[in-house]
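Subject: Structure handed over, with notes

Hello,

The structure we spoke about is below, with its sequence. My notes follow it; please read them with the structure open.

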There are 2 protein chains.
Amino acid sequence: MGDSKEEVESISPYGLARSTVKGEPLSKDDIEKYNDFFKASLYLSLGMIYLKKNPLLKETLSTEHLKARLLGHFGSAPGQIFTYMHFNRLITKYDLDAIFISGPGHGAPAVLSAAYLEGTYSEVYPEISEDEEGLQKFFKQFSFPGGIGSHATPETPGSIHEGGELGYSISHAFGSVFDHPDLIALTMVGDGEAETGPLAASWHSTKFLNPITDGAVLPVLHLNGYKINNPTLLARISHKELEYLFLGYGYQPYFVEGDDVETMHQAMAATLEHCVLEIRKFQKKARDSGVAFRPLWPVIILRSPKGWTGPRKIDDKYLEGFWRAHQVPITDVHKSPEHLKLLEKWMQSYEPDRLFAGGKISDDLKALCPTGNRRMSANPVANGGVIKKPLRMPNFRDYALKVERSAHTMGPSMSNMALFLRDVVANNMTNFRLFGPDETESNKLGGVYAAGKKVWMGEYFEEDKDGGNLAHAGRVMEILSEHTCEGWLEGYILSGRHGLLNSYEPFIHVIDSMVNQHCKWLEKSLEVPWRDKVASLNILLTAVVWRQDHNGFTHQDPGFLDVVANKSPEVVRIYLPPDGNCLLSVMDHCLRSSNYVNVVVADKQDHLQYLTMDEAIIHCTKGIGIWPQFSTDAGEEPDLVMASCGDVPTHESLAAVDLLLQHFPELKIRFVNVVDLFKLISHVDHPHGLNDQEWTAIFTDDKPVVFNFHSYPWLVHRLTYKRPGSKNIHVRGYKEKGNIDTPLELAIRNQTDRFSLAMDAIDRMPHLHNRGAAAREKLYNDQLKARNEAFEHGVDPPFLNNWTWPHTGLWKQTIAKLT
Amino acid sequence: MGDSKEEVESISPYGLARSTVKGEPLSKDDIEKYNDFFKASLYLSLGMIYLKKNPLLKETLSTEHLKARLLGHFGSAPGQIFTYMHFNRLITKYDLDAIFISGPGHGAPAVLSAAYLEGTYSEVYPEISEDEEGLQKFFKQFSFPGGIGSHATPETPGSIHEGGELGYSISHAFGSVFDHPDLIALTMVGDGEAETGPLAASWHSTKFLNPITDGAVLPVLHLNGYKINNPTLLARISHKELEYLFLGYGYQPYFVEGDDVETMHQAMAATLEHCVLEIRKFQKKARDSGVAFRPLWPVIILRSPKGWTGPRKIDDKYLEGFWRAHQVPITDVHKSPEHLKLLEKWMQSYEPDRLFAGGKISDDLKALCPTGNRRMSANPVANGGVIKKPLRMPNFRDYALKVERSAHTMGPSMSNMALFLRDVVANNMTNFRLFGPDETESNKLGGVYAAGKKVWMGEYFEEDKDGGNLAHAGRVMEILSEHTCEGWLEGYILSGRHGLLNSYEPFIHVIDSMVNQHCKWLEKSLEVPWRDKVASLNILLTAVVWRQDHNGFTHQDPGFLDVVANKSPEVVRIYLPPDGNCLLSVMDHCLRSSNYVNVVVADKQDHLQYLTMDEAIIHCTKGIGIWPQFSTDAGEEPDLVMASCGDVPTHESLAAVDLLLQHFPELKIRFVNVVDLFKLISHVDHPHGLNDQEWTAIFTDDKPVVFNFHSYPWLVHRLTYKRPGSKNIHVRGYKEKGNIDTPLELAIRNQTDRFSLAMDAIDRMPHLHNRGAAAREKLYNDQLKARNEAFEHGVDPPFLNNWTWPHTGLWKQTIAKLT
């Protein structure tokens, strides 16, 4: 490939513009203005990186005007500014509704300068005024302690995509245009980030974009040639390969290449206009005919040098068009007077004195920008909380599972909740979607298809009619890419809508880092007064560690909770509803909430049901509680606290209580269930935490606690290490012991089964003496038998499998005493 | 796209074979044999899923022959078997050295049946003999409690890729062929997994494959059309788009499509042979000329129905060629006598009585397989420990940083270690590589380029000569995809070589899930007696949370340690060397070790140096220790233990000791440093853990401990909650408090700075009374001043920044007493 001289030359970013779309839509006067606007923006970009004083270089540049530490990135700014600026022409010309997504890492100088020149910045931050004084503050705050970052952080007007971590620009962009039929998300994709997996997968998003009900993404792949220290892959393959790649992804690529500014203006202006018209044409065709289809959506491939318009070489070392232009382009200006001079000359070449005469750009230049909400930096879509409508919620109580006797009947917690979810979908057909990596049906949520099928813009086959549940216009989004699902959902929420991701628990680690980044976005947003709260990011985890009958060890990892629990308590919530009515109550709460990452963990299999809806509401509202129907302490000091968190663990804990009572009917056992994990942590460290008095009222401060936990056991210790009596808490949970197992056998392997828990309890009650030892031996033998039966027959013994809570009479007394 | 009828038809998997490569290399007799072999394999695949008795269906099939729970996946097995079997012909014909990588989820029936028919299975598991009895055991153990999984788990001969989590087949494959010039990795890629980000990115691996020194990957994209419940994207786009996509990725696609078995045999045989010859041609051209180049490597696109050869419909519901064939194809055979009959008829159609007459396949059929190590199921490359050679290690002591006075001079810990790494590279030019996502230079490891440059098979530009450090034959692998880097490294290690991944700490979460899966692979491998130990997976994390001057909040996440600490203690190790000599000692240890995931966390900036090489070796060997040169307890009971783990935290802790001594010169302070994190946990829970006696000898069981930790503080609590005196341990660490900060300012925000630590200590020593309060106020004021200076000037006050340990005399006494 490309070993001919000709091709090598053709992928250089230098020279007169070469473009797929021909045409010269700009007048000479236009070009002059765009030149000036470009220069003004570039000046601001360099100013942010270098200056804390002398913002318009009215004085000769000296080291005392410079920031002590030079931080920030210039490399991708010119290409981004160029794109932004020329798209503004089309916003005005066609009255477009558009947002700008800055994919390349550290692209903030580009979007900040745009927001400043458009006036948005001074509107939301009046102290950063459009004059010399404001400019100085604007420069100083950039990448400065106590100031703002060099990504498009939440503080950046118009941003829904920080770009701190790379790879999510395209999925965020598609998320933002779903159900926003008039929106165009102009999306710069860095050629660095284009190497990441999440980005490579997300190009396929067009196969889920309905041209009737959704808007459009206009991606601009920015081949500026270099990452931090390396060339980029896509900038070093032949034209043909690039073209094929995008045709293969389902796009029509339009090239704009070169570094000659004047001809590049024409090429970019013509190309962007052609693409906008293509988008409108496709949308019109689909909307007029009512027939959705998947066109070859346009993508622009912009090849311009990294650090474009900077010096090509300094001291015989390449700068412009090389990786040295990635960050601070000239680093030693504090020490080298020559280089300081060179920087000054470079900055002066952007003519700050002329362009910012009077401290701001001329009205003529300002007129190149759209006004009001049409400015990409001021589009309310990018401050999604402002346009967010609350969900029209069905009454979750209407979906209650009937529970006549606690722990006595099995119920389909998850597929029942799917009916509630179905009606959430039905009530909110344009602002709620369900996302999942090909697992919605497997996760027993298929009930939602009655209200909204799975979006599919690929080909249809005959057999799709046989329960395929595919549709051009659907409400469920399924692609086998957790990254793309999560990116879509984030984009959908950040642009003012609501959603839920469902996923197998073990593979949610695939998006650990994305969820981390979203948590950070939410946390930082709380500090930005003009940002309204967006809907919570809701993650439903099922196919849990404890029920991996088909899958075994690779599918056993409940550690996502550890990752989430590390994030700021202001933005994370974790719920483990023990049964179907609790699941309904928790989901209702999560869907109504704002600005959180809510993680709900619930098994998809049928389960014993414990609480009536009324009881469930009370229990979930408290988040933690004593279950008197399974307790024998009658409100007095217990001998033992049995606690559980998670549906499978709760089942085993209750069966353990039964075993204990068979042996020791006189035992005063208190049963505690935890729904809201952060109840365990001190209220000092998380707003949901119990205070120590509340804690002691539930757990005591001196009695043994045998706690059966869904996840890795250490998480409970990490949450409770400060608690009174923490030494007495014995936690069981998953410990990387697994294989292909029956449910009970897997529990036995990890000592979270009823027998182990009962033995744990006995070990902590030495006063049982010989009776304890005898009971222990019996339990151990029964456990061995159960295990052998699993190995022999491949299933758990039915009498254990079908266990229900056998006790009645006595417990009524306890309840009576308590209520 | 594809809205014409013609195109819709052309992407159906049914009908006579259609293929890019024409030709009929097989005789009629050949075809008959391959038919039989195919049937035998398919029979085994169904047998594994269904049968626990009656393995050859000699009796009429009844429910008691069935497993109680039907588990396993049939869908992708036929296409995989078909590919494997036809490649065997070429292995024999051309004496190829090849391994098979099974990408699709749950592909085990295909590879297990191959290993069984080739005889390998019975060689490594003699009890699974090649007769009826062995067959019964072979069937029963599959997806059965206590048995083996439905992925290509470590128990599977010939596997280096479990495929429990999807998306890594291609990167694993490339990893295995780097520096194995004669190896071909025949790699099935599921069309489900092809939707994942990691897989989408990894196609670009050819841009890093040198045809002279590396082998080849022959990918077979298996379009079997469906995932769990959905069609796959790539099976529902037009031929043209598919072709473009692979041309764009840099491959020459060869289609093989259809379901007519006879013509498909010819098509597959001809196509595989063409591809093998193409690969050899490219390799020969490069090797003969000595000029490496990047050809269009072949990729096969195999379109065959899911559950191929199964019933197309059952009860009017689609099975073959639909998602219902994904898992257990007929699920209700226990309950439905008709369906049981149908299953029997289906299984009998594979003619077990004829093909397994006498309990095993005929010699004629067996002759279709290669023999010995040429069998893909027996290739030693797939049991990498067997062929692994120990690294030829330079003596790390030779790279020692000179430390004349502890904590007095700054040294370049990381770039110095790079020199050691350079010589590791130089000494092991064919079995060690360094991997990183475009961060090697940024991480100050650029020194290695002197021994091995960065592999680059893309185009070269003029400016690459200016410090580009690119080469066709290099030892450093850089692509901006953590997933691809990690996948390459895993493949490289599992096939018997050594390596190191370097990455920014915050973004290592991107591969949390991959590392989890690798840990699980290693852990399970320990239970497989015939698997030899492979080299450890070494991960060097730098650009740490505490030095994010350019990047801010998005780049602050030290939580990877929490993810790793959840894995089995048998396979994970975490090191936080405090200085340059410790870093050398730790790296040497990690590179020599086997079967671990070693995580080393070290800042890349210059740091105070504490230990001479001799001291460092002792300290790192112990993993934890009292540092007498910074202690004033002279081996007696201390008033206070100051502990640290991590380089930046150690610096601040020592500065805190200095502050405390300025105020309270009489204080008996013990300074403890932790290098090996698992020293903190009980020896009962991790082989590196201290016992409680050792613990108390260091930390006491009653004195206040102020512990400054690199990561989230709760991890220390989770490791130490059982320890004597754990209530007295006060841990500081990162707490999601960040922005753009100077180093000291960030520490202050998180209370890990010297002032906060000193105040923490004072708060825990009430006997200091008023003196304590006065000192506290002074410290608080100084802290405020430092913070304000950062906000004002953008840098930390130099006198704080340049702090070194000021004390001499007194401490010699302490050391004398202790030694």
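Which residue just after H4(B) takes a positive phi? It is B:Gly119, with a phi of about 95°. Before going further, please note that this is a predicted model.

Helix H4 and its surroundings, chain B

H4(B) covers residues 108-117, and 10 of its 10 residues are buried. They run from B:Ala108, B:Pro109, B:Ala110, B:Val111 and B:Leu112 to B:Ser113, B:Ala114, B:Ala115, B:Tyr116 and B:Leu117. The elements that cover these residues include helices H2 (28-50), H3 (77-94), H5 (120-124) and H6 (132-141) of chain B, together with strand E2.

E2(B), residues 97-102, has 5 of its 6 residues buried, so the strand is largely enclosed by the rest of the structure. E2(B) runs parallel to strand E3 (residues 183-190) of chain B, and 6 bridges join the two. One of the pairs sets B:Phe100 against B:Leu186 in E3(B).

The five-stranded sheet, chain B

Chain B also has an open sheet of 5 strands, in the order E19-E21-E20-E22-E23, with mixed pairing. Strands E19 (624-626) and E23 (729-732) of chain B are at the edges; each has a single partner strand, so one side of each has no neighbour in the sheet. From one strand to the next, the twist averages 20°. Within this sheet order, E20 and E22 stand next to each other. E20(B), residues 640-645, and E22(B), residues 705-709, run parallel and are joined by 5 bridges. B:Val641 stands opposite B:Val705 in E22(B).

Two helix pairs

Two packed helices are described by the angle between their axes and the distance between the axes.

In chain B, the axes of helix H20 (residues 647-663) and helix H24 (residues 754-763) come within 8 Å and cross at roughly 55°. That angle makes H20(B) oblique to H24(B). The crossing is right-handed. On the H20(B) side the contact uses B:Glu652, B:Ser653, B:Ala655, B:Ala656, B:Leu659 and B:Leu660, and these meet B:Arg754, B:Leu757, B:Ala758 and B:Ala761 in H24(B). By class, the residues of this contact are 7 nonpolar, 1 polar and 2 charged.

In chain A, helix H24 (residues 754-763) and helix H25 (residues 769-793) have axes that come within 9 Å and cross at roughly 165°. H24(A) is therefore roughly antiparallel to H25(A), the cut-off being over 145 degrees. H24(A) and H25(A) make a left-handed crossing. H24(A) contributes A:Phe755, A:Ala758, A:Met759 and A:Ile762 to the contact, and H25(A) contributes A:Gly772, A:Ala775, A:Arg776, A:Leu779, A:Tyr780, A:Asp782 and A:Gln783. This contact of H24(A) with H25(A) has 7 nonpolar, 2 polar and 2 charged residues.

Between the chains

How many residues of chain B are in contact with chain A? There are 107, and they touch 106 residues of chain A. On the chain B side, at least two residues each come from helices H8 (197-202), H9 (239-249), H16 (512-525), H17 (560-565), H22 (714-720) and H25 (769-793), and from strand E8 (317-318). H9(B) gives the most, with 8 residues. The side of chain B that touches chain A divides into 38 nonpolar, 37 polar and 32 charged residues.

A:Gly147 has a contact in the other chain. Leaving aside neighbours within four places in sequence, A:Gly147 is in contact with A:Gln141, A:Phe142 and B:Ile740. A:Gly147 lies in the loop between helix H6 (132-141) and helix H7 (169-177) of chain A. With 19 C-beta neighbours inside 10 Å, A:Gly147 counts as partly exposed, because a buried residue needs 20 or more. A:Lys137 is 10 residues from A:Gly147 in sequence, and their C-alpha atoms are 9.8 Å apart.

Positive phi in chain A

Two aspartates in loops of chain A are worth a look in the backbone angles. A:Asp95 is not a glycine, yet has a positive phi of about 50°. A:Asp95 sits in the loop between helix H3 (77-94) and strand E2 (97-102) of chain A, and counts as exposed because it has 10 C-beta neighbours inside 10 Å. A:Asp316 has a positive phi near 70°. A:Asp316 is in the loop between strand E7 (313-314) and strand E8 (317-318) of chain A, and its 6 C-beta neighbours inside 10 Å make it exposed.

Regards

Conventions:
Residues numbered from 1 in each chain as written. Chains lettered and ligands numbered in written order. Predicted model: local features only at pLDDT ≥ 70, side-chain atom pairs only at ≥ 80, totals over all residues. Buried ≥ 20, exposed ≤ 12 C-beta atoms within 10 Å, placed from the backbone. Helix = DSSP H or I, 4+ residues; strand = E, 2+ residues; numbered from the N terminus. Pairing = 2+ DSSP bridges. Contact = placed C-beta atoms within 7 Å. Nonpolar A, V, L, I, M, F, W, Y, C, P; charged D, E, K, R; others polar. Axes fitted to C-alpha atoms, helices over the stretch in contact; angles between N-to-C directions. Parallel < 35°, antiparallel > 145°, perpendicular 65-115°, else oblique. Left-handed = near helix turned anticlockwise from the far one by under 90°.
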